[in-house]
Amino acid sequence: MRNGSDNMSKSGVYLIGLSDCDEKVCAAAGRISTQEGTALEIFAKSQDKERNEKLIGKVTKSGHTSTIEHVFFNLAFENVSVVVEQFLIEFRLASFTVKSRRYVDFGTAGYYMPDFRSEEDKKLYTDTVDSLFGAYIALTEKEIPKEDARFVLPYCFYSNFLCSLGGRELINLLNAMLYGRGRSIKEIYELGLSLYAQCKEKAPGIFSDFEIRGEKYRDEINLDFAEAKETDENPELCEILSCTPDGERNIARAALIEKYNYSCAQIEKIISSEDNVEKILSAVTKSSRPRALEHFNCTVRFNGVSLACLTHFARHRIQSISIPSLIQADRASYVIPDTVKRDDEALRIYCECFEKMKNLYLDFTEKGYDVSELVYLVLSGNTLDFVTTMNAREMMLFFKLRSCTRAQWEIQEYAVDFLKKLRKISPVLFSFYGPSCYAADACPEGRMSCGKAAEIKEKFKAL
C-alpha cells in the first residue's frame, strides 16, 4: 500500500490547457466597448502580446474584471489531499470532474503527509492512517459497498480531479488560496503559489499587480461577539429557514409577464383562481426553459451531513451554499451505513476507526498543534451542518437527481425529507417535484435503472 512517506511523482497542480486565443480575446473585450469596428475587426487588432498585457492590466485595475472571463484555464490536480478538493469545489463558477469514491477502490490511494515536529508524531500519524486504509480494505473484503466503506477514509487521502475555470474565477480562487482562508493550510497555500506561477507565465496581463491587489483580500468575517449557549437540541435532517412569500403565485406572475406581458391587474385576476395557478405551475415545470421557477427561493439548513455526502451537495452549482471550515467537523459525530450495522464485525472495525482518529486529534491538540494543521484528522463519515439557498429551478434538478434510487443513500434521505417539508409550504408547486421517473415521466438511467418506476411514482405521489 502506498503511504504518505512514498515518493509520489507529479503531486501538485498543473496547467494543462489554456484558451487558444489566450489573452487576445481579453484584450479585444477590453477594447470592444470603446472602439469602432466589428467584433472580428477588433479581435484582429488585438494580436500584440505586449500591448494586450498593458491594456488588460489597466482594465482590471479599474475593476472591470469581466473582460478576463473570456479566457479559460484547464487544470489537473494530481495526488492532492481531499481537503484541497473540498476547498476547491466550493468555487461554484468552476467546473470539476472528480474520481468517484462510490465506484473506484481507494484502498491504495496514498495520502498527504503534513509537517510534524518529531519522528514520533510522524509515526503516530502514519500508523493511524495506514490502519484506516487497512480498515477500508477489510470492509470492502467483507462486501461492504465502496460507497459505505469510504466513510472511514481520512481526509488526508489523495484525490485526483480536473478543473476548468475562467480567468475571473481563477483570480478569486488564487486570492482565497494565497490571501484568504486557504492560506493557513500549507498544502493549499503551496499549491496556490505553484498555480499562480504557471498561470502568470501564460497570461501575464491577467495577473498584473495581482500581489498588490491580493494583499487587500479579506474573506474572514469577525462574529466573535455572537456567543451561543449550549442547548439540548436534536435537529431534524433539514430545517427550512425561509421561502419566498406567496412563492407559487410569484412563479405564475413571472410566467404570465414573460409569455404575454400582462399588467399586474390582469395577472391578479387570472391567479385569483387556484385552478389557474395549478395549470400555470404544471406548464412551467414541464417546460424545457422554466425560467419562471427562478423567482421562488428557499433557504435550508442540512444537519449532520457526512463530509462524503457534502461533496454531492456542493456539486450543484446554481446555489448559494455556506459550508463551515473542515476544522469545525464534529469528530465525535459520524454516520453509520445500514450495511455496516448489519455486520457485527464490520461495525466494530468501523467504529474503531472514528475512535482512533478522534484520539489522535486530541493527542496532537494537547501537543500544541494548531487546528489548521490538524484539518486532515477527520474521516469522510464525520459530520458538518451547512446552509444553502436554491431557487425552484435548481431544486427541480436537485430532486430529479438526489431523490432517485441511483443517488447515494444519504443524500436520498436528505432530499426526501426536504421535499416533504417543501410540500407542506407549497403543496401545488412541489407536487410536481421528485425523481425523473416521477417528475419527467421518464428514467434517464438506461441499464442502471432500478426498474421500479411505477412503485416510485406511487411513493412520490403520496409523499
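Which residues have the most contacts inside the largest nonpolar core? The model on display is a predicted one, and the tour begins with that core. Please select Phe-73, Ile-206, Met-395, Phe-418 and Tyr-433, the residues with the most contacts inside the largest nonpolar core, which has 134 residues. Helix 15, spanning residues 344–366, should be coloured next, for it contributes the largest share of this core, nine residues.

**The core around Ile-206 and Gly-167**

Centre the view on Ile-206. Apart from neighbours within four places in sequence, Ile-206 is in contact with Glu-23, Cys-26, Ile-56, Ile-68, Val-71, Phe-73, Ile-171 and Arg-213. Keep Ile-68, Val-71 and Phe-73 displayed, and add Gly-167, which belongs to helix 7. Once neighbours within four places in sequence are set aside, Gly-167 is in contact with Ile-68, Glu-69, Val-71 and Phe-73. A distance may be drawn here between C-alpha atoms: Gly-167 and Val-71 are 5.7 Å apart in space, although 96 residues separate them in sequence. Is Gly-167 buried or exposed? Its relative accessible area is 0%, and therefore Gly-167 is buried.

**Ser-159 in strand 4**

Now move to strand 4, residues 158–166, and select Ser-159 within it. Ser-159 counts as buried because its relative accessibility is 1%. Display the side chain of Glu-85 as well: the side chain of Ser-159 makes a polar contact with it at 2.5 Å. Beyond residues within four places in sequence, the contacts of Ser-159 include Phe-77, Glu-78, Asn-79, Val-80, Ser-81 and Val-82. Val-98 and Arg-101 are also among the contacts of Ser-159.

**The largest pocket**

Display the pocket surfaces for the next stop. The largest pocket holds about 990 Å³ of space. Helix 4 (82–89), helix 7 (167–178) and strand 9 (382–391) are the elements that give two or more residues to its lining. Strand 9 gives the most, with five residues. To find the centre of the largest pocket, select Arg-181, Ile-323, Pro-324, Ser-325 and Gln-328, which lie nearest to it among the 33 lining residues. Colouring by residue type divides the lining of the largest pocket into 17 nonpolar, eight polar and eight charged residues.

**Asn-382 in strand 9**

While strand 9 is in view, select Asn-382, which is found in this strand. With 2% relative accessibility, Asn-382 counts as buried. Follow its side chain to the backbone nitrogen of Leu-379, which it reaches at 2.8 Å. Not counting residues up to four places away in sequence, Asn-382 touches Val-305, Ser-306, Leu-307, Asp-330, Arg-331, Ser-333, Tyr-334 and Phe-354.

**The second largest pocket**

Which element gives the most to the lining of the second largest pocket? It is helix 17, with four residues. Strand 9 appears again here, as one of the elements that supply at least two residues of this lining. Others among them are strand 6 (297–306) and strand 8 (330–334). The second largest pocket contains about 720 Å³ of space. Its lining has 27 residues, and Leu-237, Asn-303, Gly-304, Thr-383 and Tyr-414 lie nearest its centre. By type, the lining of the second largest pocket divides into eight nonpolar, seven polar and twelve charged residues.

**Two cavities**

The structure has two cavities of 30 Å³ or more. For the largest cavity, of about 100 Å³, select Cys-404, Thr-405, Pro-435, Ser-436, Cys-437, Cys-443, Pro-444, Ser-449, Cys-450, Ala-453 and Ile-456, which line it. Helix 19 (436–439) and helix 20 (453–461) each supply at least two residues of this lining. The lining of the largest cavity has eight nonpolar, three polar and no charged residues.

The second largest cavity has a volume of about 50 Å³. Among the residues that line the second largest cavity are Pro-114, Asp-115, Phe-116, Tyr-125, Phe-364 and Tyr-369. Its lining comprises eight nonpolar, no polar and two charged residues.

**Two loops with positive phi**

Finish with two loop residues. Asp-209 sits in the loop between helix 8 (186–202) and helix 9 (210–214), and its phi is near 60°, a positive value in a residue other than glycine. Asp-209 counts as partly exposed, at 28% relative accessibility. Asn-261 lies in the loop between helix 10 (247–260) and helix 11 (264–270). The phi of Asn-261 is near 55°, again positive in a residue other than glycine. Asn-261 is exposed, since its relative accessible area is 61%.

Methods:
Residues are numbered from 1 along each chain as its sequence is written. This is a predicted model: local features need pLDDT of at least 70, side-chain atom pairs count only at pLDDT 80 or more; totals for chains, interfaces and linings use all residues. Side-chain values use heavy atoms; hydrogens and water are left out. Buried means under 20% relative accessible area, exposed over 50%, partly exposed in between (1.4 Å probe, protein chains only). A polar contact is a pair of N or O atoms within 3.5 Å; within protein, one must be able to donate a hydrogen and the other to accept it, and residues adjacent in sequence count only if both atoms are side-chain atoms. Contact means heavy atoms within 4.5 Å. On a 1 Å grid over the protein atoms alone, a cavity is a set of points where a 1.4 Å probe fits but cannot get out, and a pocket is an open set with protein on both sides within 12 Å along at least five of seven lines; lining residues have an atom within 4 Å of a point. Grid points are joined across faces, edges and corners, and a volume is the space filled by probe spheres set on the points. Ala, Val, Leu, Ile, Met, Phe, Trp, Tyr, Cys and Pro count as nonpolar, Asp, Glu, Lys and Arg as charged, and the others, Gly among them, as polar. A nonpolar core is a set of buried Ala, Val, Leu, Ile, Met, Phe, Trp, Tyr and Cys residues joined through side-chain atoms within 4.5 Å.
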